[in-house]
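I opened this entry to keep track of what I looked up, element by element, and what each look-up returned.

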Amino acid sequence: MGDLNPDISILVPIYNDGKYIRQCVESVLGQSHKDFELWLFNNGSTDDSSAIARSYSDSRIHHVDFPENIGAPTILSHYARQMKGTYVKILSADDMLLPDGLSLLLDAFRADDSIELVFASMVSMNESGRVSPRNILRSQNFTDHLELARYVIGKGNPFRYPTAMFRRSVTERGNWNNAFGRWWDMVLWLSMIFSGVAYSSIDAPVAAYRLRKGYGNASHYKGQEALSEFAFEYEMMIEWMAHALPRDVFDYLDQKYARDGNYPCEEHERSVLQPAVFGLYLLREQFPRTLNIDLSVKTGLRLLFRSMNEANSTEAVRMRYGLDALRLRDTMREYYSDVPLSIRNKQWQIFRELWQERGLLAALRRTYHHFIR
């Protein structure tokens, strides 16, 4: 992939971004740090994206065209492993870097040799490219993995995708998967961090994020179909997280919810108990963002249900956490009946309140008799 080994390899997947790609590319070429390579991946665009991208003749720019859209994570996963740069920077074609963005990110790595992944702050810009320098969106730092998981469940993605840069050596430790939709980058960062990748978030803005209609977090989604898609992808991400949590989080939750927390869990039981105890966590904790409360309750119940229906696992889960397998199974089996969303949301709220006040059996009984028809 070229004769030289630049400091940074920048990867930009493009899909029908003809309106924005020029601003993105020129923001990279205008960086104060010049030692980089820029790879532009035309991901099956049907507009003039490819022609605009190929109008640049800078020797640091490389082009790859795909006949159809195969998903950004697929492209990035394959090519990030082959890059020559010490560091890899992923950038959306509709976003842009601020002039000192690369320099600031490099400074963070050079200040601490143990750091393998760096996030930063970003500013927003409107669809036409006008930057709002006072609207600063910061990435977060967390003291432990459970604090990070709690933030993700309650508030969403704490890391600003346009700002991220990582050492090429940790590429293999990430989960690059198209299936998570808008959450694919959240899964990527979590999988790296849960595997032990050391990260840091700096306050300095390094990029500008374009606000576009129909993109972004759940508050931008209009209509039942879009919200349902957001919810489905969110639930997939949370279920993945339940199985991917590192041992320290499982040990904490297991001791918190087990009937006898002093009795250690055997390693061979962890694969069964971990999603179950995370389901309990979703059901029993209060999360700060009301949008996701119903989703977390639903996902928590499903995790418990699936854990208790796996071969030879029902008794292990029931005994360790004192759950009634039959009630849980009946409730979740009937959950998939056609219940209007407004009724479903109200009943999940009642379920949570009963769980906290009277325990699991009372909540399941109320759900079974009044919610399930």
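**Strand 6 and its partners**

I began with a single pairing and found that the bridge partner of Val-118 in strand 8 is Met-165. I note here that I am working from a predicted model. Strand 8 covers residues 165–167, and 2 bridges join it to strand 6, the two running antiparallel.

I then asked which other strands pair with strand 6, and found strand 9 in the parallel sense over 8 bridges, as well as strand 7 (residues 131–137), which is antiparallel and joined by 4 bridges. For the pairing with strand 9 I wrote down one pair of residues, Ser-124 with its bridge partner Tyr-209. For the pairing with strand 7 I wrote down Met-125, which stands opposite Val-131.

The link between strand 6 and strand 7 is a hairpin with 5 residues between the two strands, and in its turn I noted Gly-129, whose phi is positive at about 100°.

How many residues of strand 6 are buried? I counted 9 of the 9, so strand 6 is largely enclosed by the rest of the structure.

**Aromatic rings**

I searched the whole structure for aromatic pairs, and the search returned 19. The pair I followed up is Phe-119 with Tyr-199: the ring centres are 6.2 Å apart and the planes stand at 70°, so I entered the pair as edge-to-face. Since the cut-off for that class is over 60 degrees, the angle of 70° falls within it.

Where do the two residues sit along the chain? Phe-119 belongs to strand 6 (residues 117–125) and Tyr-199 to strand 9 (residues 199–210), and with 80 residues separating them the pair links distant parts of the chain. Both Phe-119 and Tyr-199 are buried. I also found both of them in one aromatic cluster, which includes Phe-142, Tyr-151, Phe-159 and Tyr-161, and which also takes in Phe-166, Trp-176, Trp-184 and Trp-189.

**Ser-201**

I stayed in strand 9 for the next look-up, Ser-201. Is this residue buried or exposed? Ser-201 has a relative accessible area of 9%, and it is therefore buried. Its side chain reaches the backbone oxygen of Gln-140 at 2.8 Å. Leaving out residues up to four places away in sequence, I found that Ser-201 touches Phe-119, Ser-139, Gln-140, Asn-141 and Phe-159; Phe-119 and Phe-159 are both members of the aromatic cluster I had entered above.

**Ser-49 and helix 1**

I looked next at Ser-49, which has its place in helix 2 and counts as buried at 1% relative accessibility. A polar atom of the Ser-49 side chain lies 2.9 Å from the backbone nitrogen of Asp-17. Asp-17 is also among the residues that Ser-49 touches, together with Ile-14, Asn-16, Gly-18 and Asn-42, when residues up to four places away in sequence are not counted. The C-alpha atoms of Ser-49 and Ile-21 are separated by 7.0 Å, although the two residues are 28 residues apart along the chain.

Ile-21 led me to helix 1 (residues 21–29), where I found it buried along with Cys-24, Val-25, Ser-27, Val-28 and Leu-29. Against which elements do these buried residues pack? I listed strand 1 (8–14), strand 2 (36–43), helix 2 (49–53), strand 3 (61–66) and strand 5 (96–97).

**Ala-72**

Ala-72 has its place in helix 3 (residues 72–80). I found 8.3 Å between the C-alpha atoms of Ala-72 and Ile-14, which are 58 residues apart along the chain. Apart from its neighbours within four places in sequence, Ala-72 is in contact with Pro-13, Asn-43 and Asn-178.

**Helix 8**

I listed the buried residues of helix 8 (residues 247–257) as Val-249, Phe-250, Leu-253, Asp-254 and Tyr-257. These residues cover an arc of only 125° around the axis, which means that they lie on the same side of helix 8. The general rule I set beside this is that an α-helix has 3.6 residues a turn, so residues three or four places apart point the same way.

**Whole chain**

I closed with the totals: the protein chain has 14 helices and 9 strands, and 54% of its 373 residues count as buried. Among contacts with a separation of 6 or more, residues 24 or more positions apart account for 76%. The chain exposes about 17000 Å², of which carbon and sulfur atoms supply 48%.

Note on methods
Residues numbered from 1 in each chain as written. Heavy atoms only, no water. Phe/Tyr/Trp six-rings, centres within 6.5 Å; stacked < 30°, edge-to-face > 60°. Buried < 20%, exposed > 50% of the residue type's maximum accessible area, 1.4 Å probe, protein only. Arc of directions from axis to C-beta. Contact = heavy atoms within 4.5 Å. Pairing = 2+ DSSP bridges. Polar contact = N/O pair within 3.5 Å; in protein donor to acceptor, adjacent residues only side chain to side chain. Areas by Shrake-Rupley, 256 points an atom, 1.4 Å probe, with all protein chains shown as cover.
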